[in-house]
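Trainee: Could we go through this model together? I'd like to practise reading charges and surfaces.

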Amino acid sequence: MTITETPSMTVSNPLVSRPPKPASGPADAISDGPDFASDAHKRKPIKPTRDRLMTALSVAAALGGTLVGVIGFAMSYSTLADVALSWGFSEKLAPWFPVGVDASIIAFLALDLYLIRKDIAWPLLRFAAHAMTAATIWFNASSQGEIGADPVKSASHGVMPLLFVIGVEAARKLFIKKAQLDAGTHTDRIPLHRWILSPVATPRFYRRMRLYGVASYPEMIRRQQDLMAYEQWLRRKHRGDLSQASEDERLPMKMAAYGYTVAEALALPERQEREAEQRAEDAERRRLDADTRRQVALKRAEADRLVADGELEAVRAQVEGQKAEAAAHARARAGAAERAAELEEAALETALVAEARAREAQARREEADQREAQAAADARAAELERQAAQKRKEAAEADQAAVAEAQAIETAAIAEARQRAAEADRAAAETEMAAAETRRRTAEADRLAAQENERQATADANTQAARRREAETEYAAAETRLAAAEIERRAAETEDAAKLTPRERAARKVARMAIAAGAVFVGLEADGIHRELCRVVSIADVQRELAVSSTDTASKYRQEAVALLEGGYRP
């Protein structure tokens, strides 16, 4: 018979009685812990009814205990004060001796009751209070001389503190009992008559109560009665031969020593089977979960592999594009170099023409200088002639005056003829002077024209020289770009062979940008390399060349390029 079968279903003889109904409830309500008492059998906190009599008794006890304590401590105070004086205490300290002794008793007992109320009792406080009480009793009893000489007199002085301690112990017991009732941890005591009437079985009975947390004595009695009734039912079922009972049927007798009730023991195999099934189900569920996680991990690994393949293809396409771009840049730079060479040849030809024009302008300037010198000579000659004419005019006037004075007899016709001749000479001299001034102005105009032609020729020569220098600069830039394109091509091939990641490629490209910009890193430390790289390559340059929008990413690429250059990277 299994535990799931009720005893009535296994009995074919109707005369066989049914097993007693377990008093602890159905098997499904059995708890899993060692305390198998159901919630229905737990003791509920007992709240004593406070009627008027109990209230009166409580008040009387409190007043009486207080009165006894006050009287005892008052008597003890005077007695101990006298004892302290006899023991050598000063008159100031002697009255404080009984206060210290009696106050320690009250403090220790009050603190012990408080800790009991908080369920954190400390026995040392109680023992200390009892020790001080014993000392007080001894001090009071010995204050009347030898204790053995007059025991009644000595006892009369020591009985009052003892009565106070007895009252406090009664209050302590009441507090402990109430705390146990409130917490539901009160344990019934086994009656004395059971120990006397059943001295052999009662210790086992007590042991089972304490070991397995059965707080109720009636509950333990009921369990034992259920077990005896079940055993009797089982004997009747098997005609008095318990050896014919199955292991499951004998479980209540075996498990009773471990605190199980009849119903709990009978339900134990079924519960164990359910737990075994639950463990099997949990194991199967864990196995399925592990299979699921393994399949998910495989799928994720496959997805990661496909993503990696896609990224590899993207990198390859990017590298091919960079190669094509570098080749296009190289071709464009080569074409630019060729155009620069053509421009340089044209510039050289233009320079020759400008040089010829400059020589022609120089010849014109020299010719203008010669004309200017000739005009200056003519001007000087005209000035000399004018001066000669002026002198002749003055001489003529002098001659005229002299003739007028010397020859007053000359006729008016002769004087008039001479006057006309002098005026003609003067007009000729003025005309010659105007002609000389005109020649001078013409020479000055020729000189200014020659200077303007010379400046124009110089400007043309400077323009051609600037164009020649520009062509040379463009040619050098084309050569630099061609060399950079070649470096980029070799670097791309090296990076492809090394299978570098896009981030590593980006860092190396930033380092090549710095080297191509003319930065020198030889003999520099990390800080110097960083400053030099920041000088020639800005964040905007990195963003433009690498097509990144984040300044933080561009800054990280530049820092990684510094680390590469510090490690000796040279493309």
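Trainee: Which side chain of opposite charge is nearest to Arg-558, and how far away is it?

Mentor: This is a predicted model, where local features need pLDDT of at least 70 and side-chain atom pairs pLDDT 80 or more, while totals for chains, interfaces and linings use all residues. Residues are numbered from 1 along each chain as its sequence is written, and side-chain values use heavy atoms, leaving out hydrogens and water. Arg-558 is buried (under 20% relative accessible area, 1.4 Å probe, protein chains only), yet has no salt bridge (a side-chain nitrogen of Lys or Arg within 4 Å of a carboxyl oxygen of Asp or Glu). Lys and Arg count as positive, Asp and Glu as negative, with His and chain ends not counted, and the nearest opposite side chain is Asp-541, at 7.6 Å.

Trainee: Okay, so which backbone oxygen lies 3.0 Å from a polar atom of the Arg-558 side chain?

Mentor: Start from helix H14, residues 551–566, where Arg-558 is found. A polar atom of its side chain has a backbone oxygen 3.0 Å away, and that oxygen belongs to Val-537.

Trainee: Does Ala-422 count as buried or exposed?

Mentor: Ala-422 lies in helix H10, residues 412–498. Arg-392 is 30 residues away from Ala-422 in sequence and 8.2 Å away in space, C-alpha to C-alpha. Because its relative accessibility is 16%, Ala-422 counts as buried.

Trainee: And Arg-189, buried or exposed?

Mentor: Look in the loop between helix H4 (151–183) and helix H5 (192–197) for Arg-189. Its relative accessibility is 71%, and the cut-off is over 50%, so Arg-189 counts as exposed.

Methods
Helix = DSSP H or I, 4+ residues; strand = E, 2+ residues; numbered from the N terminus. Polar contact = N/O pair within 3.5 Å; in protein donor to acceptor, adjacent residues only side chain to side chain.
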